[in-house]
Amino acid sequence: MSEGGGALGALEASGLGQAMRQWMWLYPAVETVHIVGIGLLFGSIAILDLRLLGFSWNISVKRLAVHVLPWTAASFLLIVPSGLMMFTAHATDFISSPVFVTKICLILTGGLNAALFHAVVFPRAEAWDSGEMRPPPAARLAGALSLAIWIAVIACGRLLAYF
């Protein structure tokens, strides 16, 4: 820990920041919750992305989305609080890490990719959402980018332990 001045130092010095560093089982327990959330997030996103890439073409994209997107949303209830708790423990170290900054930028990019897909491509799914047609290039691109981005986010999360 490199407790410094300012808001990040105050965050690390807070009761939560200290508890995350000092209580033997708290950080690993929070990290486990975070990993479970990542599994839910990536699993639900990957299923839809693979469908956009042409796999399981006999399942409607719209029907699949109705099934998996609530799981995607629910995963954030695990990921966000646990991620913030872990950040609190080592805020100054994380914020100065290029790996952490890359991870956050990738998360924002993944969110933007999803927002663009849901605003531009998904509303027109009725036209191509059948076994006779492949998803359009925009849908396939969104799916491929999404898979690549979220895999990179996971890799960055693991690399934080080493860099």
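At what angle do helix α2 (residues 15-22) and helix α4 (residues 61-89) pack, and how far apart are their axes? The legends below refer to a predicted model.

**View 1. Packing of helix α2 against helix α4.** The two helices, α2 and α4, meet at an angle of about 85°, and their axes are 7 Å apart. Angles of 65 to 115 degrees count as roughly perpendicular, so α2 is roughly perpendicular to α4. On the α2 side, the contact is made by Leu16, Gly17, Met20 and Arg21. On the α4 side, Met85, Met86, Thr88 and Ala89 make the contact.

**View 2. Surroundings of Asp49 in helix α3.** Helix α3 spans residues 26-52 and includes Asp49. Asp49 is buried but has no salt bridge. The nearest side chain of opposite charge, that of Arg51, is 11 Å away. A polar atom of the Asp49 side chain lies 3.4 Å from the backbone nitrogen of Leu147. With neighbours within four places in sequence left aside, Asp49 is in contact with Gly143, Ser146 and Leu147.

**View 3. Surroundings of Leu52 in helix α3.** Leu52 has a relative accessible area of 2%. Buried means under 20%, so Leu52 is buried. Its contacts, leaving aside neighbours within four places in sequence, are Val61, Phe117, Trp128, Pro135, Ala139, Arg140 and Gly143. Gly143 is thus listed among the contacts of Leu52 and among those of Asp49.

**View 4. Separation of Leu52 and Ile107.** Leu52 and Ile107 are 55 residues apart in sequence. Their C-alpha atoms are 20 Å apart in space.

Definitions and conventions
Residues numbered from 1 in each chain as written. Predicted model: local features only at pLDDT ≥ 70, side-chain atom pairs only at ≥ 80, totals over all residues. Heavy atoms only, no water. Helix = DSSP H or I, 4+ residues; strand = E, 2+ residues; numbered from the N terminus. Buried < 20%, exposed > 50% of the residue type's maximum accessible area, 1.4 Å probe, protein only. Lys, Arg positive; Asp, Glu negative; His and termini not counted. Salt bridge = Lys/Arg side-chain N within 4 Å of Asp/Glu carboxyl O. Polar contact = N/O pair within 3.5 Å; in protein donor to acceptor, adjacent residues only side chain to side chain. Contact = heavy atoms within 4.5 Å. Axes fitted to C-alpha atoms, helices over the stretch in contact; angles between N-to-C directions. Parallel < 35°, antiparallel > 145°, perpendicular 65-115°, else oblique.
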